[in-house]
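Let's take a walk through this structure together, one part at a time. Keep the 3D view open as you read.

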Amino acid sequence: MQDRNDIFPDKKGATRGDTVAPCCSLLFETPVIPKQFTAEESLFRNKCNYKIEHMARTYWKPGTMIYPLPAVMVSCGETPEEYNIITIAWTGTINSDPPMCYISVRPGRHSYDIIKRTGEFVINLTTENLAKATDWCGVRSGRKYDKWKEMNLTPAPAKYVKAPIIEESPVNIECRVKDIIELGTHHMFISEVLGVSIDDAYLNENDAFSFSKANPLVYTHGHYFGLGKKIGKFGWTVEKKKKKAK
Ligand SMILES: Cc1cc2nc3c(=O)[nH]c(=O)nc-3n(C[C@H](O)[C@H](O)[C@H](O)COP(=O)(O)O)c2cc1C
């Protein structure tokens, strides 16, 4: 019988022997444990009654696979001369009350020194319309370019911080740095949210932010996507159905 690894060569980062053919049931008529598993693995699979048909899985080396993420544009700087924008995907919420979030930035970035010195920045959410600017600001440095001019973005005053907001963004989250954790490649700026401004154009009839109007941009493993269709709302799985009026 042909070795499966000859037919399905290892993927980058996968450990040889972990690669499992997606159609291995075609290759093995009877459910046998393939020879590239170690004795320990085979024992475990036997114990679990692990079926050949369930084995279409590949192990990759450890990596950052929590996707999708928002790709945001972070604006920083105290004066118009130093205002800059950096695209950030390593960002997220870390506490509800007080509202706190983080951005992780490589120390080599031009924005890193600005944010570290000023202790402030603004997270500007992005949209499909801002996709080009989001990508461009993530591959060009403020050391060489005026990203505002190049991408036709408008700096406008924020309410709580000296860093400007990006006027074209639907949501601007004004942040003050509370702590910096030096993790490795990236330093994590743990920050408090001081204020949030929303472009009125994206408010719906209940004054809530309408994501469907904004078309947020999503970043997944090197690619940008739109949001896709709505599936449900928070807690819909346990919501009691309203009785129909007679
Ligand atoms: C989609 C995307 C996400 C990015 N996420 C990060 C990130 O989380 N942290 C980071 O340090 N750089 C990130 N970058 C790279 C920076 O945005 C890029 O190096 C930028 O040119 C730095 O600008 P600056 O030198 O003006 O600060 C990302 C780039 C892109 C395109």
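**A walk through the sheet, core and ligand shell**

In this predicted model, β5 pairs with strand β10 (residues 187-198) in the antiparallel sense, over 6 bridges. To find this pairing on your screen, look for Met100, whose bridge partner in β10 is Glu192. Strand β10 also pairs with strand β9 (residues 171-182), again in the antiparallel sense, and here there are 11 bridges. Ile173 is a handy marker for this pairing, with Val196 as its bridge partner in β10. The two strands β9 and β10 make a hairpin, with 4 residues between them.

Now step back to the whole sheet. It is an open sheet of 7 strands, in the order β3-β2-β6-β9-β10-β5-β4, with antiparallel pairing. β3 and β4 (91-95) are the edge strands, each pairing on one side only. From one strand to the next, the twist averages 35 degrees. Elsewhere in the sheet, β2 and β6 run antiparallel and are joined by 3 bridges. There you will see Val74 standing opposite Ile123 in β6. The helix α4 packs on the sheet and touches β2, β3, β5, β6, β9 and β10, while its direction makes about 55 degrees with that of β2.

Next, let's look at the nonpolar residues. The largest nonpolar core has 36 residues, and those with the most contacts inside it are Val72, Met73, Val74, Ile85, Ile88, Phe121 and Val122. Two or more residues of this core come from each of β2 (72-76), β3, β5, α4, β6 (120-124), β8 (165-166) and β9. β2 gives the largest share, 4 residues. If you centre your view on Phe121 and leave aside its neighbours within four places in sequence, you will find it in contact with Val74, Ser75, Cys76, Ile115, Ala163 and Cys175.

Finally, which residues come nearest to the ligand? Of the 22 residues around it, they are His110, Ser111, Gly138, Ser141 and Gly142. The elements that give two or more residues to this shell are β3 (84-88), β5 (100-105) and α4 (110-118). β3 gives the most, with 4 residues. By residue type, the shell around the ligand divides into 8 nonpolar, 9 polar and 5 charged residues. You have now met β3 in three settings: as an edge strand of the sheet, as a contributor to the largest nonpolar core, and as a part of the shell around the ligand.

How values were computed
Residues are numbered from 1 along each chain as its sequence is written. This is a predicted model: local features need pLDDT of at least 70, side-chain atom pairs count only at pLDDT 80 or more; totals for chains, interfaces and linings use all residues. A residue is near a molecule or strand if its C-beta atom, placed from the backbone, lies within 6 Å of it. Ala, Val, Leu, Ile, Met, Phe, Trp, Tyr, Cys and Pro count as nonpolar, Asp, Glu, Lys and Arg as charged, and the others, Gly among them, as polar. Two strands pair if DSSP finds at least two bridges between them. A nonpolar core is a set of buried Ala, Val, Leu, Ile, Met, Phe, Trp, Tyr and Cys residues joined through C-beta atoms within 7 Å. A residue is buried if 20 or more other C-beta atoms lie within 10 Å of its own, exposed if 12 or fewer, and partly exposed in between; C-beta atoms are placed from the backbone. Two residues are in contact if their C-beta atoms, placed from the backbone, lie within 7 Å. Axes are lines fitted to C-alpha atoms, for helices over the stretch in contact, and angles run from 0 to 180 degrees between N-to-C directions.
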